[in-house]
Amino acid sequence: MTLVIPDLPKFQAHRDDVAICGIAKSGASRFSALVGMIMHDADPVYLYQEPDMQEKVPWLEFCTGAGEKGPRGIDQISLIPSPRAYWTRLAFDGLPPSVHTQHAKVVYHLRHPKDTLVTLYHNYMARKATVRFSGNISTMVDYLVTDEISCGPWFDHMASYWAHRDDPDVHICSFEDFSQKPTESIIQLANFLGKNLTDTQVKQIAFDCHWDQMSKNPMTNHESNAAVGEFNFNVTKFMRSGVVGGWKEHIGSEQNERINTWMKTNLQRPDLAGIAERFPSTFATESV
C-alpha cells in the first residue's frame, strides 16, 4: 500500500466509475460482485468466467511488497475500459481527488462490527505467511475497542462517509440489508447506478451474489490466492461465512459487552446521528 499512496492523487477517475468503499472485511468481495453484475445487466457469465473477481474489480490501493514484481491496483484499473468498478478501504477524504471532481459513483458498505471483526480474524489466520499476527480473538477485541484495528478507528471511517449520505453520488448500504432483504436492496443499488433491472435480472443477481453461491464459485472465492500461497484454504475458505450474527459462535460474553460499550459510546457521536436508526441490524448491541 505504501508504494501506491504517493501516486493516489494522480489517479484519474472517470465520470462513470464506481468506487466501492468500506472497512476491511465488511463485504468488499460481495459488493464487488453485486455492482459488477448490475453493471453487466445480470449476466452470470460475468461472475463465472475468468479472470478472478479481484481482477475484474481491482483493489485501488493494492500493491506487492517492496522489491517484488507485480501490478499495483491503480495501474490495473487504468487498463480497464469504462465503465469501471474498483474497491477501496480508504476513508472518504482519503479517496483520490478525481473521484470527487469527476463525480464518480461511491458505494459505501457497512457491516456489523462484530461480524466484521470475526471475519478479519479468520482472514489473518489464513494469511499467517504474510500477516504479522499471532494473537487470538481476545487480541482482536482489544485492538477494536482501543481503535488500533485495521482501517480504524472504524467509527471515524463510517463518519467520513455518513457526512455525505445525502450527496447524489454517494450510496450507503449494508451487508445485513442485502442478506435480509436482497430484492429491495438490489433495486435501490441498481437505481443509484442508473440501471433499470427487470424482475428476472434482480432474481438472477440475488441468486449468483448469495453468499452460498459465491463461496462455490472459484472466481468469487478467490481460489487463485491459494494457488500462489497468499491464502491458506486449509484454514478457511475466503468466502468463509456470510451469516448475519455469526459472531455469536466466536465472541464470548465479556468480550461482547466490551464491544457493546464501545459501539454505544460511538453511536452517540453527533457526526453519526441517525446511522443506527437507518441500519438497525448493523448496529444492534445484542447479548450473547
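This text leads the reader through one predicted model, from the whole chain to selected residues and aromatic rings.

The chain has 288 residues, of which 51% count as buried. Its secondary structure consists of 15 helices and 4 strands. The accessible surface amounts to about 13200 Å², and carbon and sulfur atoms account for 51% of that surface. Contacts within the chain often bridge long stretches of sequence: among those between residues at least 6 apart, 76% join residues at least 24 apart.

Leu 197 offers one example of such a contact. This residue lies in the loop between helix H10 (182-192) and helix H11 (199-208). Is Leu 197 buried or exposed? Its relative accessible area is 15%, and a residue counts as buried under 20%, so Leu 197 is buried. Leaving out residues up to four places away in sequence, Leu 197 touches Ile 38, Ile 186, Ala 190, Val 202 and Ile 205. Of these partners, Ile 38 stands 159 residues away from Leu 197 in sequence, yet the two C-alpha atoms are 8.1 Å apart in space.

Two of the residues that Leu 197 touches, Val 202 and Ile 205, also appear among the buried residues of helix H11, together with Gln 201 and Asp 208. When H11 is viewed down its axis, these buried residues fall within an arc of 140 degrees, and therefore they line one face of the helix. The face turned away from this buried side carries Asp 199, Thr 200 and Lys 203, which are exposed. What covers the buried residues of H11? The cover includes helix H1 (28-39), helix H2 (45-48), H10 and helix H12 (211-216).

A second buried residue is found within a helix. Ser 160 belongs to helix H8, which spans residues 154-162, and its relative accessible area of 16% places it among the buried residues. A polar atom of the Ser 160 side chain lies 2.7 Å from the backbone oxygen of His 157. When neighbours within four places in sequence are set aside, Ser 160 is in contact with Ala 91 and Phe 92.

The aromatic rings come next. A pair of aromatic rings is described by the distance of the centres and the angle of the planes. A search of the whole structure finds 10 aromatic pairs. In one of them, the rings of Tyr 108 and Tyr 161 have centres 4.1 Å apart and planes at 10 degrees, so this pair is stacked. Because Tyr 108 lies in strand S3 (residues 105-110) and Tyr 161 in helix H8, the pair ties together parts that are 53 residues apart in sequence. Both Tyr 108 and Tyr 161 are buried.

Phe 175 and Trp 211 form an edge-to-face pair, with 5.7 Å from centre to centre and 65 degrees between the planes. This pair links distant parts of the chain, since Phe 175 lies in helix H9 (residues 175-180) and Trp 211 in helix H12, 36 residues apart. Phe 175 and Trp 211 are both buried. Helix H12 is also among the elements that cover the buried residues of H11.

Trp 59, Phe 62 and Trp 87 form one aromatic cluster. Over the ring of Trp 59 sits the charged end of Arg 89, 4.6 Å from the ring centre. A further arrangement of a charge and a ring involves Lys 105, which lies over the face of Phe 192 at 4.7 Å from the ring centre.

Methods:
Residues numbered from 1 in each chain as written. Predicted model: local features only at pLDDT ≥ 70, side-chain atom pairs only at ≥ 80, totals over all residues. Heavy atoms only, no water. Helix = DSSP H or I, 4+ residues; strand = E, 2+ residues; numbered from the N terminus. Buried < 20%, exposed > 50% of the residue type's maximum accessible area, 1.4 Å probe, protein only. Contact = heavy atoms within 4.5 Å. Arc of directions from axis to C-beta. Polar contact = N/O pair within 3.5 Å; in protein donor to acceptor, adjacent residues only side chain to side chain. Areas by Shrake-Rupley, 256 points an atom, 1.4 Å probe, with all protein chains shown as cover. Phe/Tyr/Trp six-rings, centres within 6.5 Å; stacked < 30°, edge-to-face > 60°. Lys NZ or Arg CZ within 6 Å of the ring centre and 35° of its normal.
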